[in-house]
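Trainee: I would like to learn how to read a sheet and its surroundings in a model, one feature at a time. Could you take me through an example?

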Amino acid sequence: MSRAKARRPLPVTSDDPKVRVALTVNGEAVEREVSLRLLLSDFLRHELGLTGTHVGCEHGVCGACTVMIDGKSARSCLTLAVQANGTELRTIESVAAEDGTLHPLQEAFRDCHALQCGYCTPGFIMNILSHFESGQPIDLSEEGIRDVLSGNLCRCTGYQNIVAAYRQAAERLAIR
């Protein structure tokens, strides 16, 4: 005799309370109704189709999910979508020009071979770009660059080429 349990049908969507959020994503106004528990990384990837924001560790350690919120780098896997309400958010999709021309930082990553599998690259780019655009002094010493990069993990490159790309991009952008 089978001991199968009666199953209730699974809901198509969550029964979580929903909240309306309005924010600017890559220069475009976005309004959606979202679950209170929806992570910003999931909002970007699943609601908006912006899959350049990668999810690695889901604990805020690796930095693969880094985006810019109001000009500052932030871990989208540690941020709820409702916390981004009213903010200006930038993802990796905003970095290259609309015609596909790479940003000097992206060019430097390519030219310096600063990526292999590429999974961590969007997070590095967004973190570095946030630092470049912060108006803070840029320390181009090995130690200064590695300090900025310390919040992002890469398992492929050994960081040497990422340091070189950082330095090259800073020089191309005349950042001091």
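Mentor: We shall go from the sheet to its strands and helices, and then to a few single residues. This is a predicted model, in which local features need pLDDT of at least 70 and side-chain atom pairs count only at pLDDT 80 or more, while totals for chains, interfaces and linings use all residues. Residues are numbered from 1 along each chain as its sequence is written, and side-chain values use heavy atoms, with hydrogens and water left out.

Trainee: In what order do the five strands of the open sheet lie?

Mentor: Strands of a sheet pair through backbone hydrogen bonds, either parallel or antiparallel. Helices (H or I, at least four residues) and strands (E, at least two) are DSSP runs numbered from the N terminus, and two strands pair if DSSP finds at least two bridges between them. Here the order is β2-β1-β5-β3-β4, with mixed pairing. Because β2 (28-35) and β4 each have a single partner strand, they stand at the edges, and one side of each is left without a neighbour in the sheet. Neighbouring strands are turned by 40° against each other on average, direction ignored; for such angles, axes are lines fitted to C-alpha atoms, for helices over the stretch in contact, and angles run from 0 to 180 degrees between N-to-C directions.

Trainee: Which strands does β3 pair with?

Mentor: β3 pairs in the antiparallel sense with β4 (residues 72-75) over four bridges, and also in the antiparallel sense with β5 (residues 88-90) over two bridges. Ile69 serves as a landmark, since you can find Lys72 of β4 opposite Ile69 and Leu89 of β5 opposite Ile69 as well. The strands β3 and β4 form a hairpin with two residues between them, and Asp70 in that turn has a positive phi of about 50°.

Trainee: Which way do the side chains of β3 point?

Mentor: In a regular strand the side chains alternate between the two faces of the sheet. In β3 (residues 66-69), Thr66 and Met68 point one way and Val67 and Ile69 the other, and all are buried; buried means under 20% relative accessible area, exposed over 50%, and partly exposed in between, with a 1.4 Å probe and protein chains only.

Trainee: What does the buried Arg75 contact, given that it has no salt bridge?

Mentor: A salt bridge is a side-chain nitrogen of Lys or Arg within 4 Å of a carboxyl oxygen of Asp or Glu. Lys and Arg count as positive and Asp and Glu as negative, whereas His and the chain ends are not counted. For Arg75, in strand β4, the nearest side chain of opposite charge is Asp147, 12 Å away. A polar contact is a pair of N or O atoms within 3.5 Å; within protein, one must be able to donate a hydrogen and the other to accept it, and residues adjacent in sequence count only if both atoms are side-chain atoms. One such contact, of 3.3 Å, joins the side chains of Arg75 and Thr66, and the Arg75 side chain also reaches the backbone oxygen of Gly151 at 2.3 Å.

Trainee: Is Asn127 buried or exposed?

Mentor: Asn127, in helix α3 (residues 121-133), counts as buried because its relative accessibility is 11%. Leaving aside residues up to four places away in sequence, Asn127 touches several residues, including Thr66, Ser73 and Asn152, where contact means heavy atoms within 4.5 Å.
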